[in-house]
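Here are my notes from a look through this one, set out point by point. Have the structure open while you read.

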Amino acid sequence: MKAVGYKKSLPIDAADALIDFETAKPEPGGHDIRVAVKAVSANPVDYKVRKRAAPPEGETKILGYDAAGIVDAVGPDVSLFKAGDEVFYAGSIQRQGTNSEFHLVDARIVGAKPKSLSFAQAAALPLTSITAWELLFDRLGAVPGKSLDPRTLLIIGGAGGVGSILIQLARRLTGLTVVATASRPESQKWCLDLGAHAVIDHAGPMKEQIEKLKLPPVGLVASLTNTDQHYKALAELIAPQGKYGLIDDPPEFNVSVFKGKAVSVHWESMFTRSSFQTPDMIAQHHLLNDVADLLDKGVLRTTLDQTFGTINAANLKRAHALLESGKSRGKIVLEGW
């Protein structure tokens, strides 16, 4: 089968940063299903792993965590899917990735693809949807249901992949007031179009901008990017006894700035359930099915922004470069071989 991977951790402009190669088609066992991959999306975790995790000498590591495709074969312990089913999922960080024609994934972290979406539209969604859903409901404890919630949720980096779905989940499924941050006019419009009540610029003084809006107190903060640059300012504006959630890997983060207000800090990693095979691992299967249902009902919309052509090393290098620039909006998808 065709695949895209890397042998050494190299800058994205290096010739061999990502390479096209061929490898054996994998065989499913246990809870695994084998998926014929139709479309994938690129996420910041792709380039972070490429930069930090060189494969053992002589091996080629395949990246990619989002995929949409068709079940090709199933392992003996699988009851959730059968060959021919259309699926979408975000895979496991401990296994070979989705940038391959066929891919093995544990069925318990896979959802049925939204019927109303193309494979490309569906591939944009799994990793960010799981991250946003777990952050909002499991970590920050927001309550689903449209009853009024007298708090504001502030989303730092609202136009990125996770922010683009988090805005929608919070606006459509909760009674929270939703404020996103974005620094460019096109990103600010993107956030408002997705449902944010208001947008502020994280490049300016955020506390003053929030105060001018005269909204409910900021009881919840979702810090999705550049946490090390913003967390001290956020500690000043978050309400006492608030909840602060983050998903990135800040090089500097001193949790003590939140102590005076008794703010709880929550880290979200959507790979935790698959990495540790937690007893509630199947929650991601149910979560993705719920997201698919909301998409098919028109409550949510895909966050696909750009399609970069077929799945190959050259196009994936373009996707990595754009993600590394910090100027992407929504999701980048590649489709077909």
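**Notes on pockets and a few residues**

1. Let me begin with Pro26, which counts as partly exposed because its relative accessible area is 21%, and the cut-off for buried is under 20%. Keep in mind throughout that this is a predicted model. Pro26 sits in the loop between strand E2 (19–22) and E3. Its C-alpha atom is 6.9 Å from that of Leu104, although 78 residues separate the two along the chain.

2. Pro26 also turns up at the second largest pocket, which holds about 170 Å³ of space. Of the 14 residues lining that pocket, Met1, Pro26, Ile62, Gln96 and Phe102 are the closest to its centre. Which element gives the largest share of this lining? That is strand E7 (residues 102–106), with 3 residues. By type, the lining of the second largest pocket splits into 7 nonpolar, 6 polar and 1 charged.

3. Now for the largest pocket, with about 1,400 Å³ of space. Its lining runs to 48 residues, and the ones nearest the centre are Pro44, Lys48, Leu224, Thr225 and Asp248. The split here is 19 nonpolar, 20 polar and 9 charged.

4. Where does the largest pocket lie with respect to the domains? Domain 1 (2–127 + 271–335) and domain 2 (129–270) both contribute lining residues, so the pocket lies between them. Note that domain 1 is written as two segments, 2–127 and 271–335, so follow both when you colour the model by domain.

5. Helices are well represented in that lining. Helix H1 (44–52), helix H3 (126–139), helix H4 (161–173), helix H7 (227–237) and helix H10 (313–325) each bring at least two residues to the largest pocket. H1 has the largest share, at 6 residues.

6. Staying with H1, have a look at Arg50, which lies in that helix. Is Arg50 buried or exposed? With a relative accessible area of 0%, Arg50 is buried. The C-alpha atoms of Arg50 and Leu18 are 8.8 Å apart, with their positions 32 residues apart along the chain.

7. Another charged residue to check is Asp32, in strand E3 (residues 32–42). Asp32 has a relative accessible area of 11%, so it counts as buried. What does the side chain of Asp32 make a polar contact with? The partner is the side chain of Arg95, at 2.7 Å.

8. Helix H3 holds Thr128. This residue is buried, at 2% relative accessibility. Its side chain reaches the backbone oxygen of Leu125 at 3.2 Å.

9. Over in helix H4 there is Ala170, which is buried with 0% relative accessibility. Ala170 and Gly195 are 25 residues apart in sequence, and their C-alpha atoms are 8.9 Å apart in space.

10. Two backbone angles deserve a second look. Most residues other than glycine have a negative phi. Lys214, however, has a positive phi near 50°. It lies in the loop between helix H6 (206–213) and strand E12 (218–223). Lys214 is exposed because its relative accessible area, 74%, is over 50%.

11. The other is Asn226, with a positive phi of about 50° although it is not a glycine. Its place is the loop between E12 and H7. Asn226 counts as partly exposed, at 36% relative accessibility.

12. Last, the annotation. UniProt, in an unreviewed entry, places the feature "domain: Enoyl reductase (ER)" at residues 15–334. In the model, that span is 32% helix and 23% strand, and its end C-alpha atoms lie 20 Å apart. The name comes from the record, so please treat it as an annotation that may be inferred rather than shown by experiment.

Methods: Residues numbered from 1 in each chain as written. Predicted model: local features only at pLDDT ≥ 70, side-chain atom pairs only at ≥ 80, totals over all residues. Heavy atoms only, no water. 1 Å grid on protein atoms, 1.4 Å probe; cavity = no way out; pocket = protein on both sides within 12 Å on 5 of 7 lines; lining within 4 Å. Points joined across faces, edges and corners; volume = space filled by probe spheres on them. Helix = DSSP H or I, 4+ residues; strand = E, 2+ residues; numbered from the N terminus. Nonpolar A, V, L, I, M, F, W, Y, C, P; charged D, E, K, R; others polar. Domains from an automatic or database assignment. Buried < 20%, exposed > 50% of the residue type's maximum accessible area, 1.4 Å probe, protein only. Polar contact = N/O pair within 3.5 Å; in protein donor to acceptor, adjacent residues only side chain to side chain.
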